[in-house]
Amino acid sequence: MPAPPPILVWFRRDLRLADNPALARAAAAGAPVVPLFVLDETAAGLRAPGGASRWWLHHSLAALADDLAGLGSRLILRRGAAGAVLDALIAETGADTVLWNRCYDKGSTARDTEIKADLRARSLQAESFNGSLLLEPWEITTKAGGGYKVYTRFWQACRAAGDPPPPVPAPNALVVPESWPRSDDLADWALTPRAPDWAAGFSGHWMPGAAGARDRLDRFLGGAVSGYAEKRDFPGVAATSGLSAHLAWGDIGPRQVWAAAMKAAPVGQGRETFLKELVWREFAHHVLFHFPDLAERPMDAKFQDFPWMPDDTLLAAWRRGRTGYPLVDAGMRELWATGTMHNRVRMVAASFLVKHLLQPWQAGEAWFWDTLVDADPASNPFNWQWVAGCGADAAPYFRIFNPILQGEKFDKGGDYVRRWVPELGTDAYPAPIVDHKGARDRALAAFKSLKRG
């Protein structure tokens with residue numbers, strides 16, 4: 001009896017074997033499986049990964065390839081328009097089915113809808129699954145059928161829906177094709193920087209891939225989670241999970257995180273707060289689904305007329321961590337050195353840019369998109385709009401973080417600031433580029449002008 005046609009499993013932001021519904025479906029079919037990742041930089045509306053994300057992607061793909069090799073399989077790499085790549089591989093392998101897990105940004109959804117329709121029109125099977133969210137955006141809606149814009153109500157709706165479906169296990173084996181199609185060499189994609197290697201310090205902080213994600217989760221649930229609610233805002237304390245980048249590229253899925261937390265974390269405020277943060281990520285993706293222009297356009301239309309004061313000199317000082325405000329500068333330098341920034345400091349640094357300096361939130365969002373290893377199409381613009389006051393459940397316009405008081409409250413001993421701003425207290429450290437009170441008054445006036453409009 002001839003072997004059944006191969007199944008193409010198209011990996012995207014789901015670079016793992018466990019809790020991968022598309023891969024699980026392919027494995028259960030008993031047909032040969034051709035795992036594929038496409039570096040698609042052509043689709044309209046598809047946002048290319050930033051520099052730090054590309055570094056992570058390189059190492060996560062390498063880890064996935066190793067994991068597949070452990071099952072006797074391979075990861076095929078192709079670069080180009082996804083539809084054309086899939087057509088070529090269908091012709092090369094005789095595959096009659098393509099399976100993938102959904103992405104929710106507008107470029108991906110438009111492209112995937114077109115690809116699915118084209119494949120089905122040719123009597124080929126095409127099916128997509130939820131491998132990135134706890135629940136689908138169309139499963140958690142208001143009574144009017146739209147998306148939530150207030151987090152508390154979203155959280156309540158998610159909890160009312162019960163625990164999300166359990167993660168599906170990794171396949172024990174994959175049937176391999178009689179012959180493998182050609183694959184690109186990962187090194188040829190040049191995803192990692194070379195001259196200069198500005199990501200040289202990343203490897204000391206991160207281990208991309210499913211094994212690294214599981215290790216971080218296990219260590220967090222075995223220790224820091226119990227004090228997470230009380231300590232997560234202190235940047236000098238190792239109190240957070242560090243899972244955001246692993247979630248961004250799908251080294252681990254949110255259903256895996258949820259299930260593990262419910263099983264291994266002690267009942268208490270720490271676990272509850274951690275789950276709420278996981279659902280905050282979920283909230284961002286649901287908002288993106290309902291408001292696909294999240295990265296370009298403010299959700300609050302009034303902000304189209306906000307009196308921003310673009311200034312390349314101020315923006316450059318903020319990017320380099322040379323604002324004269326130690327907590328802000330420490331965060332920006334941590335970001336450049338490690339590809340991440342503590343969440344409390346992110347809020348302070350972002351607020352400083354848009355409110356103290358009156359720089360457009362899109363400029364900050366673009367910088368974080370390029371420099372954060374955990375940048376994803378939902379969380380990055382969603383959180384910037386939240387800080388700027390123009391997004392879902394946004395911070396009120398009068399909330400203007402005082403970066404000095406924030407440092408005194410959350411880094412009282414100065415451990416975090418001294419680590420990243422060692423020249424503090426010397427002539428090498430710059431004077432503040434704006435006066436806090438004057439900048440605050442100016443920002444309040446700008447925001448109030450919108451309310452009068």
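This briefing covers the sheet, two helix contacts, the cavities and one pocket of the structure above. The model is predicted. An open sheet of 5 parallel strands is described first, followed by the packing of H14 against H15 and against H12. The enclosed spaces come next, with 3 cavities of 30 Å³ or more, and the second largest pocket, of about 210 Å³, comes last.

**Sheet**

- The 5 strands form an open sheet in the order E3-E2-E1-E4-E5, and their pairing is parallel.
- Strand E3 (76–79) and strand E5 (125–129) are the edge strands, each pairing on one side only.
- From one strand to the next, the twist averages 25 degrees.
- Strand E2 (residues 33–39) runs parallel to E3 and is joined to E3 by 4 bridges.
- Phe37 has Leu77 in E3 as its bridge partner.
- Helix H2 (residues 51–69) packs on the sheet, where H2 touches strand E1 (7–11), E2 and E3.
- The direction of H2 makes about 170 degrees with that of E2.

**Helix contacts of H14**

- Helix H14 (residues 361–371) packs with helix H15 (residues 379–388) at an angle of about 145 degrees, and their axes are 10 Å apart.
- H14 and H15 cross in a right-handed sense.
- On the H14 side, the contact is made by Trp361, Gly364, Glu365, Phe368 and Trp369.
- On the H15 side, Asn380, Pro381, Trp384, Gln385 and Ala388 take part.
- The residues of this contact of H14 with H15 comprise 6 nonpolar, 3 polar and 1 charged.
- Helix H12 (residues 326–338) also meets H14: the axes come within 9 Å and cross at roughly 35 degrees.
- Met332, Leu335 and Trp336 of H12 meet Trp367, Phe368 and Thr371 of H14.
- The contact of H12 with H14 has 5 nonpolar residues, 1 polar and no charged.
- Phe368 of H14 thus appears in the contact with H15 and in the contact with H12.

**Largest cavity**

- The volume of the largest cavity is about 280 Å³.
- Its lining has 19 residues, and those nearest the centre are Arg13, Asp40, Leu46, Ser108 and Trp249.
- E1, E2 and H4 are the elements that give two or more residues to the lining of the largest cavity.
- E2 contributes the most to that lining, with 3 residues.
- By class, the lining of the largest cavity has 11 nonpolar, 1 polar and 7 charged residues.

**Second largest cavity**

- The second largest cavity has a volume of about 140 Å³.
- It is lined by 18 residues, of which Arg13, Ser132, Ala248, Arg281 and His285 are the closest to its centre.
- Helix H8 (244–248) and helix H10 (269–290) are the elements giving two or more residues to this lining.
- H10 gives the most to the lining of the second largest cavity, with 3 residues.
- The lining of the second largest cavity divides into 9 nonpolar, 4 polar and 5 charged residues.
- Arg13 is listed among the residues nearest the centre for the largest cavity and among those closest to the centre for the second largest cavity.

**Second largest pocket**

- The second largest pocket has a volume of about 210 Å³.
- Its lining holds 17 residues, and Ala82, Gly83, Arg111, Glu114 and Ile115 are the closest to its centre.
- Helix H3 (82–93) and helix H4 (106–121) each supply at least two residues of this lining.
- H4 provides the largest share of the pocket lining, 7 residues.
- The pocket lining has 8 nonpolar, 3 polar and 6 charged residues.

Terms used
Residues numbered from 1 in each chain as written. Predicted model: local features only at pLDDT ≥ 70, side-chain atom pairs only at ≥ 80, totals over all residues. Heavy atoms only, no water. 1 Å grid on protein atoms, 1.4 Å probe; cavity = no way out; pocket = protein on both sides within 12 Å on 5 of 7 lines; lining within 4 Å. Points joined across faces, edges and corners; volume = space filled by probe spheres on them. Nonpolar A, V, L, I, M, F, W, Y, C, P; charged D, E, K, R; others polar. Pairing = 2+ DSSP bridges. Axes fitted to C-alpha atoms, helices over the stretch in contact; angles between N-to-C directions. Contact = heavy atoms within 4.5 Å. Left-handed = near helix turned anticlockwise from the far one by under 90°.
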